[in-house]
Amino acid sequence: MKQFIQNLPKVELHLHIEGTLEPELMFELAARNNIDIPFSSCAEVKDAYNFHNLQSFLDIYYQGANVLITEQDFFDLTWAYLLRCKNDNVVHTEVFFDPQTHTERGISFDTVVNGIHNALSQAVDELGITSQLIMCFLRHLDEKSAFIALNQSLEHKDKIVAVGLDSLENGNPASKFERVFKYALDEGFLTVAHAGEEGPASSIRDALDLLKLTRIDHGVRCSDDETFVKELAKHRTPLTVCPLSNIKLKVFEHMAEHNIVELLRKGVCVTINSDDPAYFGGYMTDNFMAVGEAHSMSKTEIAQFTFNAIEASFISDQEKNRLM
Ligand code: ES4
Ligand code: ZN
């Protein structure tokens, strides 16, 4: 199975670029930019990655992002991730970035987007990996801050395919961003949102209805509502599921209890993704392996995760056919 999964072409649809910051690069960038970090070794950093829920992870994740200052830093971060993609046979990736995490620290929107974009375009020629970029709003910040980020993105529309919503779900309902998403849709962006990671099935329904989503990020708590699961299957609404993330953040206690295989067999368009791989202990192959080891699946079923991801991706039908 390891060989089959390793060789399987993969498409990633849920990946926070800030979540690919490995401790080694964190130290390198901290030194380069003269920034103090509260760790003295990579082992110490990894020891701190013991999370009990989403918020305990987010605190460490935003702290890590402080070492990212220059366009070159964002390029280097993205390029390191793309090399991992090459290693895992990821042929297409749709990457999230959180502009507000950086603009709030005085880093310009242009610095962030240009660094990431330059690495993604170089990867087409040098690594044979295609990509799309998705800008996420931080849901713990207010609507006004999201509107500022959206306005900043308009001159980079050629580089950004969709807007999304991440950070703390509980206490920050989709309705808070209804007007921002309406504006984004009018400007021609597709929309996605994290929902049903820690929040209930009703929060997925709300996000789908209010924000006119093309896909749902996580969405695993849809299982609390069997009728809703049937609707998701019927409409082939994609869920970008992140198995190792869900275990690390205690959404499920053990991988054997994870519902991704059950949802696959019910006909839901579920996909496997790595979320924040530097923090959650693995990239795409690791995520596929973790599911494959905990659940008995046929090769056809394992490959279906890639077919689902191609179906759910934000690329033209012509490009989809090339990947099939
Ligand atoms: C995230 Cl796992 C997760 N959930 C919500 N927001 C996030 N940002 C980065 N990773
Ligand atoms: Zn995520």
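User: In this predicted model, what makes β3 and strand β4 (residues 162–166) a parallel pair?

Analyst: Two strands count as paired if DSSP finds at least two bridges between them, and β3 and β4 pair in the parallel sense over 5 bridges, so the criterion of at least two is met. Within this pairing, Ile-134 stands opposite Ala-162 in β4.

User: How do you know that strand β2 (residues 90–97) pairs with strand β3 (residues 130–138)?

Analyst: The requirement is again at least two bridges, and β2 and β3 pair in the parallel sense over 6 bridges. Thr-93 stands opposite Ser-131 in β3, and Phe-97 stands opposite Met-135 in β3.

User: Why is β3 called largely enclosed by the rest of the structure?

Analyst: A residue is buried if 20 or more other C-beta atoms lie within 10 Å of its own; 7 of the 9 residues of β3 are buried, so the strand is largely enclosed.

User: What makes β1 (10–16) and β8 (270–272) edge strands?

Analyst: The open sheet has 8 strands in the order β1-β2-β3-β4-β5-β6-β7-β8, with parallel pairing. β1 and β8 each have a single partner strand, so one side of each is left without a neighbour in the sheet. Neighbouring strands of this sheet are turned by 25° against each other on average, direction ignored.

User: How do you know that Ala-193 is in contact with Ala-207?

Analyst: Contact requires C-beta atoms, placed from the backbone, within 7 Å, and Ala-207 is among the residues that Ala-193 contacts beyond its neighbours within four places in sequence, including also Leu-165 and Ile-216. Both Ala-193 and Ala-207 are among the residues with the most contacts inside the largest nonpolar core, which has 90 residues.

Key:
Residues numbered from 1 in each chain as written. Chains lettered and ligands numbered in written order. Predicted model: local features only at pLDDT ≥ 70, side-chain atom pairs only at ≥ 80, totals over all residues. Core = buried A, V, L, I, M, F, W, Y, C linked by C-beta atoms within 7 Å. Buried ≥ 20, exposed ≤ 12 C-beta atoms within 10 Å, placed from the backbone. Contact = placed C-beta atoms within 7 Å. Helix = DSSP H or I, 4+ residues; strand = E, 2+ residues; numbered from the N terminus. Axes fitted to C-alpha atoms, helices over the stretch in contact; angles between N-to-C directions.
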